Amino acid sequence: MPEITILKRPREEAVITQRMFFKKTARGKVIKVLRERYLRDDISCGVNGCRACNTTVQTVLSRSGDTSHKDFPTGHYILPDTNVFLAQMDLIESNYFTPPIIILQTVMEEVRHRSLPLYSRLKALTTTDERKVWVFYNEFRSETAIVREDDETPNDRNDRGIRKAAEWYNAHLTLAHPPIRGQPNVALPKVVLITDDFANRQKADKEKIPCISVRNYVDGMKNSDQLLDLLSATGSDEVEPTRAVSGRTALYADYLPMSTLVAGVKAGQLHQGHFNANQYNYLEEGNVPVPAFTKPVLLVGRENMNRAVQGDVVVVEVFNEREWKAPTDEVIDQEATLKNDDAEDSEEEGDDLMVHEHESKALRAEHTKKAPAEKQPTGRVVGIIKRNWRAYVCHIDSTSLTSSNATSLGLQTVFATPVSRLLPRIRLRTRQAPSLVGNKILVTIDRWEITSRYPEGHFVRTLGKAESKEAEQESLLLEFEVPYRPFGKAILDCLPPEGEQWVVPPKSATNPEWRDRADLRDLIICSIDPPGCQDIDDALHARRLTNGNIEAGVHIADVSHFVHPETAMDNEAAARGSTVYLVDKRIDMLPALLGTNLCSLRPHVERLAFSVIWEMTVDAEIVNVRFTKSVIASKAAFEYGEAQLRKDDPKLNDNLTQSVRLLNSLAQKLKAKRMAAGALNLASPEVKIHLDSSESSDPVDVEQKALHETNSLVEEFMLLANTSVAKKTQESFPQTSVLRRHLPPPPTNFEKLQDILQKRKGLKLDVSSSAALADSLDKCLDPKEPAFNTLVRIMATRCMLSAEYFNSGSVSRDTFGHYGLASPIYTHFTSPIRRFADILVHRQLAAAIGYTPLHPSLHSKMHVERIMEVVNRRHRMAQMAGRASVEFYVGLALKGRNEREKEVTEDAFVIRTFRNGLGVFVSKLGLEGLVMFKRDTQFDAENYTISVPSSDIGRPDVTISVFDKVTVRIEVEKDKNTQRGRVKMTLVSPVDSRAL
């Protein structure tokens, strides 16, 4: 029997090997956590050929380090502290920044605790093949592990740990490069601590550790001209403030301390919510929806918005009810308002007594007497809980340049104007200003001082020439935060090794693909999709049964067979959340091999599917439903128009045509039942862009999308499948089922639309329930204008809340319902190729029917909630990106029409009136626009009318109201914000507004 020796660690070593910290539980209880850490002396330094480490680990740092820096000619590696990664990630990620980097475990953990998005970027940096990055686990190496001392803050402890690791590295390199007898001593490379913390540098100097600030380090690099612009102002204590910031009077109030904000919100004295800027007047008005009030808290004036930026989580103080105001009725001309501002110095920032003409005009409008019903809670921002700052797509305002000489490399302070009209201009210090004019660029906000009218930021990179399709497309993806990077090797390695040659194997009892799968290959199954659809994830069938009933089935691509939990592909799909559809391209959630091939339910090809099969009566009453994994072979892939023609052709009577007709008959009855239950038939403007050819992305025309009966056929069965699956998964997993809900909108959302309908058309809109709303929408008719009902439905849609994914165990059962569909429970199951939520639902349904056990992650409420948060955000961003793409291509198509035709005019409806203009909607193009009046008009806010002078001399004023039909002239001009073609509208009738 072998001898066993038990070694006990001495008590005095316990201090080093144990880590103690305090943790707050979900119920607010603070507990002490003690964790053992095992210290080692075999953790590699990462330097190639290091004799001292004697390890088989693959290293990445070159033996001599980087010798190109002027301050470190003998070679060096950089060891940045935590704040460098928190503040200067754009610099670190730049392709021009190439020194070998040592990232400490201490730094990685601190970045993870401070910012998950930055931690994700840092992790990506450690895995890229193009960069020499080594992660050193200093907390587990015996020579570099430290413990927190008495009265030492966590931050000071981490700084000391970083210095300790830098000191060890420099001593260790002498062992890695031992002197060779008979040869002169070679100067050793250094490990340089990079930090912008002055106190930390002082301590490092005292300990003889090489250290330098970020700015001084970049100054010594060969390509410093390109890199200096990437420096964030917040990370450096050496950046000289612009004259506009230094020595100025405070324009804004300081934020309250975080502890005061949290306590105030908890006590109900302060309120927390997301800041939304007014799209027509972002300079002077915003609002913050909060749970305590039915209407958002209105913020009037820059000082009350207090440096909040679109999407920030803010805390507001609500004024006394006597000080409540109504939103402004005026559209502010941003270009005219800001044209005299100076990026380096501006008078209005230094003189509080001077107020811009637009501001005083806006303030007068605020104080105009209005009906008390229109006023809403009004307040001011007193603190920021979480900033929403990110990289914004901008262009350089050429008028803000002090020198436009293309060869000038002098540092200039200029304005960067974001593409989004909801964002303020950003002050930027750059040496490249002349060469950046006319380009789309990325800019990140760094800080917004109380003495500055505008935030300050730094240049990240150039996207390309404004109006070029490549730059516009990338800027659109970046603006809506759409992940568009190519799929990496780790993700592609998750695909079947057979690639495109993969096929469903022959049926066999021993074959795992056929385990517990129904063989449905003989069924007459077909798919019906939009034109050009490649990612076909649903197919249908219907057939009569011998008992007189009907069998109907929905068959969905079995994506979860290929995408397994906790794999690289699963994690990437979860991060992307959704496929994004643009006019001329698609940004896939999954690699194309799956989305357009192995999972796509192509005709005449055997595919794995997940089927929902109902037995129904001829009146579409469900007798029973079953769920099964299956193998299918679709018999045809129709476009909506093709399926409609086949259904309507009396000469066709084959099995496939009969199946389509049977499906359509059931769909009509299912829809009638939904409508009777109170489902809403809403509308949104949808247009079709005609491209020059399949190879070209040049738009030639725009038209409204044609809707066929077969569109409704597919929709009804997808709704039925989603509802049936929701019931099944919620029964099986009541605490973690992935569902989708649509909450009833607050009645206050409809107040303005109700008032407009009553005053302009004498119509009543009942919003007491979805059924009442559906019924009253059906009665909103204008015999003279058939399109009026569609317009009202579009306006009603905008009053709704957005639908959202949620975890069933996180909300009360009575809030599960889907208001728009009048369904008590709902989910998304039918599009797993393009929606990650559907993949999760597939996994839960597979577990519910006993096909596979549920992965442990889907038993965790917290895990499901986190995923739902990401998926909801990605889903919203995908929708917004798709709409922005359509808007861009509509603009290009109209620009082409402007060049071909002398004048482009279209009919439009007035949907909003302002003090100085009209909001109009061109239904044919699905386009919304503003018609502005420069001359004085008579505005009647209470009756939603505006009276403008007639084009004909001597004629009385012309009164225009909401819902009036007008004719507009459409032109395309260069937008000062986006630097791309912008649709400009002017009235042709009832009055020519060019004279106004």
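A residue counts as buried when its relative accessible area is under 20%. I start there because the cut-off decides how to read K325, which has 18% relative accessibility and so counts as buried. Bear in mind throughout that this is a predicted model.

K325 sits in the loop that runs between β12, residues 313–318, and α12, residues 334–338. Its C-alpha lies 7.6 Å from that of L298, with the two positions 27 residues apart in sequence numbering.

Next, N306. This residue belongs to the loop between α11, residues 302–305, and β12. Buried or exposed, then, is N306? With a relative accessible area of 1%, N306 is buried. Which residues does N306 contact, if we set aside neighbours within four places in sequence? They are Y252, A253, Y255 and V381. For Y255, the C-alpha to C-alpha distance to N306 is 8.6 Å, and the separation in sequence is 51 residues. N306 also makes a side-chain to side-chain polar contact with R307, at 3.2 Å.

Now the barrel. Five strands, in the order β14-β15-β16-β18-β17, make a closed barrel with mixed pairing. From one strand to the next, the twist averages 50 degrees. Within it, β15, residues 412–418, pairs with β16, residues 426–430, in the antiparallel sense over 5 bridges. In that pairing, A416 stands opposite I426 of β16. Helix α16, residues 469–479, packs on the sheet and touches β14, β17 and β18. The direction of α16 makes about 140 degrees with that of β18.

On to a pair of helices. α20 covers residues 640–648 and α22 covers residues 709–732; their axes are 8 Å apart, at an angle of about 105 degrees. The two helices are therefore roughly perpendicular to each other. On the α20 side, the contact is made by Y640, A643, Q644 and K647. On the α22 side, E709, T710, N711 and V714 take part. Sorted by class, the contact has 3 nonpolar, 3 polar and 2 charged residues.

Last, T830. This one is in the loop between β31, residues 804–807, and α26, residues 836–848. Its relative accessibility is 4%, so T830 counts as buried. What does T830 touch, not counting residues up to four places away in sequence? The list is D537, D538, I556, M718, A721, N722, R835 and D838.

To recap the single residues: K325 counts as buried at 18%, N306 is buried at 1%, and T830 counts as buried at 4%.

Note on methods. Residues are numbered from 1 along each chain as its sequence is written. This is a predicted model: local features need pLDDT of at least 70, side-chain atom pairs count only at pLDDT 80 or more; totals for chains, interfaces and linings use all residues. Side-chain values use heavy atoms; hydrogens and water are left out. Helices (H or I, at least four residues) and strands (E, at least two) are DSSP runs, numbered from the N terminus. Buried means under 20% relative accessible area, exposed over 50%, partly exposed in between (1.4 Å probe, protein chains only). Axes are lines fitted to C-alpha atoms, for helices over the stretch in contact, and angles run from 0 to 180 degrees between N-to-C directions. Angles under 35 degrees count as roughly parallel, over 145 as roughly antiparallel, 65 to 115 as roughly perpendicular and the rest as oblique. Contact means heavy atoms within 4.5 Å. Ala, Val, Leu, Ile, Met, Phe, Trp, Tyr, Cys and Pro count as nonpolar, Asp, Glu, Lys and Arg as charged, and the others, Gly among them, as polar. Two strands pair if DSSP finds at least two bridges between them. A polar contact is a pair of N or O atoms within 3.5 Å; within protein, one must be able to donate a hydrogen and the other to accept it, and residues adjacent in sequence count only if both atoms are side-chain atoms.
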